[in-house]
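The following note is offered to a colleague who is new to this structure. The points begin with a term that the later paragraphs rely on.

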Amino acid sequence: MATNLLPRDGEAYLYPDVVPDPDAVLERLLADVAWRQETAHIMGRDVALPRLTAWYGERGYRYSGIDNPPQPWLPDLRTLRDLAERLSGHSFNAVLLNLYRCGRDSVAWHRDAEPALGCDPVVASVSLGAARRFAMRHLEDRGLRVTLDLPHGSLLVMGPGSQRHWQHALPKTARAVGARLNLTYRSIMAGV
Ligand SMILES: O=C(O)CCC(=O)C(=O)O
């Protein structure tokens, strides 16, 4: 039984070493996924996201002004979804993929809180490739932080409360690190 990493107002559980044959899965996904360089519109300027992204699954999704239409699952994405569902006890109908090419790639503080995710979403996050530091901070009590390394082949389940009361980020690092691929499985509601 994994222990809750959050001291209050939410749940997050890390399951190391759960992806079978992670090197082969990583290699296939790097080659087969339709990676995109998206831009976000920030303060009147178009800014390239510091990572590549892709979206797959039965439902589309819009975040930060970026439209992600539904796209059929790849076999590896379906297998990882089944694993995430088994370990989390939740079901998922779509996945956002992030490719961090090197230590300069990152994701800023945010919550996965779009209306289509519902009021208290559970997000299951698979990590492949270089281990990177992942940070969570409490929304009201910004000094309350949890940081952990997300290793190759692991699953982080961000459970109830984790998106309502906490933000998360993947900071840049000056260390020489290789590519990291992250998959966040989500449940998207229809017609929202
Ligand atoms: O790469 C990660 O571990 C985090 C990804 C993330 O924050 C997101 O997709 O919302």
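1. Two residues are taken to be in contact if their C-beta atoms, placed from the backbone, lie within 7 Å. The model under discussion is a predicted one.

2. With that term in place, helix α2, residues 75–88, lies across β1, β4, β7, β9, β12 and β14. The helix runs at about 55° to β12.

3. The sheet itself should be described next. It is an open sheet of 6 strands, ordered β1-β12-β9-β14-β7-β4, with antiparallel pairing. At its edges are β1 (12–15) and β4 (52–57), each of which pairs on one side only. On average, neighbouring strands of this sheet are turned by 15° against each other, direction ignored.

4. One edge deserves a closer reading. Strand β12, residues 154–158, pairs with β1 in the antiparallel sense, over 4 bridges. Within this pairing, tyrosine 15 has leucine 155 of β12 as its bridge partner. Helix α1, residues 22–32, also packs on the sheet, where it touches β9 (123–129) and β14. The direction of α1 makes about 95° with that of β9.

5. Which residues are found around the ligand? They are Leu96, Asn98, Val107, Asp112, Ser125, Phe134, Leu150, His168, Leu170, Asn182 and Thr184. The elements giving two or more residues to this shell are β7 (94–100), β13 (166–170) and β14 (180–186).

6. On the character of the shell around the ligand, its residues divide into 5 nonpolar, 5 polar and 1 charged.

Conventions
Residues are numbered from 1 along each chain as its sequence is written. This is a predicted model: local features need pLDDT of at least 70, side-chain atom pairs count only at pLDDT 80 or more; totals for chains, interfaces and linings use all residues. A residue is near a molecule or strand if its C-beta atom, placed from the backbone, lies within 6 Å of it. Ala, Val, Leu, Ile, Met, Phe, Trp, Tyr, Cys and Pro count as nonpolar, Asp, Glu, Lys and Arg as charged, and the others, Gly among them, as polar. Two strands pair if DSSP finds at least two bridges between them. Axes are lines fitted to C-alpha atoms, for helices over the stretch in contact, and angles run from 0 to 180 degrees between N-to-C directions.
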